[in-house]
Amino acid sequence: MTGTMKATSGPTPMMVQYLALKAKAEDCLLFYRMGDFFELFFDDARAAAATLDIALTSRGEHDGRPIPMCGVPVHAAEGYLARLIKAGHRVAIAEQTESPEDAKARGGSKTLVARDIVRFVTAGTLTEDSLLDSWTSNMLVAVAPVGDEYGLAAADISTGYFELVTVAASALEAELARLSASELVVPDGLAQQFIGAIIRPRADFDSIVGGDLLKQHFALSTLDAIGAVTRAEQAAAGGLIAYLAHVGQGNMPFLKLPVRREVHAHLLIDQATRDSLEISAANKGARAGSLLAEVDRTITGAGARQLASDLSAPLMDQSIIEARLSLVQWFHDAPLTRDAVRSALRQLPDIARALGRVVAGRGSPRDLGQIRDGLDAARHLRERLGAMADRPQLLDHLLPMLDGHGHMVDVLSRALVTSPPTDTTQGGYIAEGYDAALDVLRSAGRDGRQAIAQLEARYRDSTGVAALKIRHNAVLGYFVEVPAKHGDALMAAGSGFAHRQTMAGAVRFNSPELHEEAMRITQASGHALAAEAAHLEELTAIVLTRRDAIAASADALARIDVSAALAERAAEGNWCRPSFVSHPCLEIEGGRHPVVESALAKSGDRFIANDCKLSPDKRLWLVSGPNMGGKSTFLRQNALIVLLAQAGSYVPATSAKLGLVDRLFSRVGASDNLARGRSTFMVEMVETAAILAQATERSFVILDEVGRGTSTYDGLAIAWAVVEGIHETNRCRCLFATHYHELTRLSDSLDALSLHHVRAKEYKGDLVLLHELGDGPADRSYGIAVAKLAGLPPQVVSRAKTVLEKLEKGRAETGGLAAGLGDLPLFSAALDAAEAKVDALREKLTGLDIDALSPRAALDLLYELKRAAGEN
C-alpha cells in the first residue's frame, strides 16, 4: 500500500510514520518504501538528489511548507546505494512489514501499512557484489580503549573474516593503517581522537558484555577456543557485534571464529610510510602505480584481497615466511603446473563473498550455484595437485581444505539449474527432475499457456479479428485485446466476452474460458514458486551447516592463487628468492624498484640496478648526489624489497639477504596537510619525530632530505642531530639521503656511518645522470646543472654560477657552514653535558634544609640559583 501526503492542518498518518522511522534512522538517509519506489524526504531528499543528480520535487506540505522529495526505483536501488555509500552517506532501509490485506484486516480499508527499518547500509557492512570492489577487502573496525591499551576488532562481513588484536598507543596508528577500515566504530567520548568514526554508546564496549557476546555468537562455553583474549579485545568485539546487530536489525552477518593477532607478529608500517612507499595506492589514491598493482598477478578476487592483506602486514615469523616462499618457488620452478593451476583458478567464482551473502540472509540461487561450482572446481584442483611429487609443506596443509564437500556439491548439482538467476520472483532455478511434484506443477503451467495460445487462435477465427491477442499484465492478469475499431463487435450481447478496459487505441475483454485457464496457470505457477522457495530454503540450510569448511576452502584457494601469482611475477621480472639471517643486515645485489622498472620498460628504457649492503658495523648509509640522480628511488626500492621479502614474495634483485625488520619507516617526500594546519616542513618534522621515538635496533628507516624545509643553518643542524640520534640511540638500519655535504664530516665520529653517492658527470657543459651508486661522498651537488637540465633560462643559470662562485669563495675563507662542527661532541656526549648542567643545580637543591631558611634567605637563594642556571 502506498500513501499520499495532503496539505492538512496536521501531519498525515504516513508523515507521522515517516518521522518516527527517521528518528530511528538518526543521521542515516532514510529509504522509505512506497510501492515500487524508495522515497526520501526533507534534508535526506536534498542530500540524495545532489549526490545522485536526480530531480528534487515536492509533495504535500508539512508545517505549512512544501516537503522536498526524491525517489529511486526499488529494482535499481543497489546502483543508487553504491553511489551514496561512496559519497560517504549511510542509508536506512524502511520496508513494509505487512501486506495491504493484513493492514486492512487489522484496522480497516484506510489503515496505513506498517513499515520498519529492516537494515542499515553502511560502508563497512556491505555484502552485495554491486556495492563492493571484488579486489579489495572491506573492513569494519571497532576500537576500544582499556587502561593504557587499545583493543581492535576487525571484520570483513562479505567473507566472514574476523580478527582481534591488542595494541599500545604507540602502535595504534600503524595497526589502523594496516586495516584500512571502510568504517570505524568507537565508543562515545572518542570522536575528537577518531575523526569521521561512527560513535556508539559506551555501554556497547564493556569488556564483560563483549566476552559474553563472543561466547553467545559462536556458541562457546569459554573463550579458550579463540585464545588468550584480552579485556581490550573483548570490549572491541562487543562494540563490533553490537554495531552489526544494530545495522542488521537483529540479522547477523557471517563471522568466522576470530583470529587473535599479536601486534609484533607482523612488520609495523605507519600511514605516512604506506603513503610514501605507495604500497596499495599511488600518491593520488589510485591503485595504478602502486606496489600492489605492479606485483598483482592474481586470477581471483579472493586472491587479490589476500595479496593486499599480505603486503599490508608482512610477517615477523621466519618459519611462516619460508613456508610461503617455498610454495612460491614450487610454482616458479614448474611453469607448466603454474599455468594449469592459474587456468583452473580463472574459472572459479568468488566463493567467500557468495557464502557471506548466504549467511547474511541475502543469498540468491546464483550464490548457491557459485558455491557449488567453486567447490567442485576446488576438488578437481586438489586431485591434480595431490598427484604431484615433492609438494611443499604449505601446499600439503592447504590441499585437504579443498575437499570434503562432495555430498553437498552433489545435492546442489542435482537441485539447481546450470546458471541459476539472482532474482527468485520468477522461479526457474530448481532443475527439472529434482522434484517430481514441482515438475507436474510446471507442466500444468506450460500446458495452460499452450491452451491459451490455442484459445487465442480460436477466438481470431470465431470473431474474424486477425489482430486479436491474449495478453497478460500484473494488474489485469490475462485478457483479450483487440483494436478499438473491433471493440463493438466483442461488446455485442451474446459474444461471450465481458468488457474490462477501454484504452486509447484498444479495448480489453475477459471470457469464461480464459478466466478458467488463467486460474489454472496462476494456481500452478503460485504452487511452483512456493515449492522452489521451500527447496531454496532447504539448500541454504545445507550450505549453512558447512559454512566454516566452505570458508576454509575459499581461504586455501586464495593462498594458492597468491603463491602462483607471485611465482608468475617473479618469472616475468627475473626476481630472486630472499634469504634470512639472524643478525640485522640488508645485503641486496642488483636491487630494483619494481614500479619504476616497469614504467621505464614501457618507454623502452632500462632500469639501473644498485647494491645495498647494510651490516651491523655499517648500518647507516649517508647518500649524497644531485637531484634526479636516483637517491629517492634507491631508498624506496630497498624498503619495498624488505616488505616483499617478509610478505613471502620473491624480490626484484639478483640476490637478497636480510635480518627480519620489526618496523619500517619512510620519510621520503612530503606535502602540506592544510586541513590540519601543517606545512610541508611541519609534516616532515612530525614524521621524523615519530621515527626517532619508535625505531628500534631491528627497524629499517629511509630518510630523504631531512631539514630542507627551513633555513640552511636550521636544516643542517636538524639533519646533523637526526643522523647522530639514529646512529647513537635508535641504532637501526638506515639509508639517509641528503644535500648537506657538511654531514659527511660525521663519518669521522660515527663508526657505523658509511658514505655513498649517486654518480653524475658533466659532458660538454651538460649533466649526465648515471643513476649508479658509488662509494664515498659526492664531489658536489650539481644543483645548477640540474636547474639547466630542467630548463631554467640561460641568463638565470649564468647568474647562479656567478653567485655560487662568490658563496664558495666566502665558504673557503670562513670554514663554511660546518665551521667548528668538528669540535662538537657526539650526540650522546652532548646529552651527557646537558645532564651534567642539570645535575649541578640538582645537587644544590638536594642539600638544602628548606625548613631552616628565613624568607630573606630563601629569596637570596632563588637569585643565586637563577644566576647559576644562567651561567650553565
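Which residues in α14 meet Leu536, Leu539, Thr540 and Val543 in α19? Pro365, Leu368 and Ile371 do, and the first close-up shows them. This is a predicted model, in which local features need pLDDT of at least 70 and side-chain atom pairs count only at pLDDT 80 or more, while totals for chains, interfaces and linings use all residues. Residues are numbered from 1 along each chain as its sequence is written, and side-chain values use heavy atoms, with hydrogens and water left out.

**View 1. Helix α14 packs against helix α19.** Here α14 spans residues 365-386 and α19 residues 512-545; helices (H or I, at least four residues) and strands (E, at least two) are DSSP runs, numbered from the N terminus. Their axes sit 11 Å apart at an angle of about 40 degrees, which makes α14 oblique to α19. Axes are lines fitted to C-alpha atoms, for helices over the stretch in contact, and angles run from 0 to 180 degrees between N-to-C directions. Oblique is what is left once angles under 35 degrees count as roughly parallel, over 145 as roughly antiparallel and 65 to 115 as roughly perpendicular. The crossing is left-handed, meaning the near helix is turned anticlockwise from the far one by less than a right angle (clockwise would be right-handed). Sorted by class, the contact of α14 with α19 has six nonpolar, one polar and no charged residues. Ala, Val, Leu, Ile, Met, Phe, Trp, Tyr, Cys and Pro count as nonpolar, Asp, Glu, Lys and Arg as charged, and the others, Gly among them, as polar.

**View 2. Helix α11 meets helix α20.** The axes of α11 and α20 (residues 547-573) are 8 Å apart, at about 60 degrees, so α11 is oblique to α20. This crossing is right-handed. On the α11 side, the residues are Arg324, Leu327, Val328, Phe331 and His332; their partners in α20 include Arg559, Ile560 and Ser563. By class, the contact of α11 with α20 has nine nonpolar, two polar and two charged residues.

**View 3. Seven strands make an open, mixed sheet.** Read across, the order is β13-β23-β24-β25-β21-β26-β27. At the edges, β13 (268-269) and β27 (766-775) each pair on one side only; strands pair if DSSP finds at least two bridges between them. Inside the sheet, β21 (residues 620-624) and β26 (residues 753-763) run parallel over five bridges, and Ser624 stands opposite His757 in β26. Helix α23 (residues 680-694) packs on the sheet and touches β23 (663-667) and β24 (700-704); contact means heavy atoms within 4.5 Å.

**View 4. Six strands form an open sheet with mixed pairing.** The order is β11-β10-β7-β8-β9-β12, with β11 (198-200) and β12 (259-262) as edge strands. From one strand to the next, the twist averages 25 degrees. Three bridges join β10 (residues 183-187) to β11 in parallel, and Val186 has Ile199 as its bridge partner in β11. Helix α5 (residues 169-179) lies across β7, β8, β9, β10 and β12, at about 155 degrees to β9.

**View 5. Confidence varies along the protein.** The average pLDDT (the predictor's confidence in each residue, from 0 to 100) is 88, and 92% of the residues score at least 70. Among the elements, α27 (residues 827-846) has the lowest mean, 59, and α11 (residues 318-332) the highest, 98. Residues 1-8 fall below 50, yet this stretch has 26 contacts beyond near neighbours in sequence.
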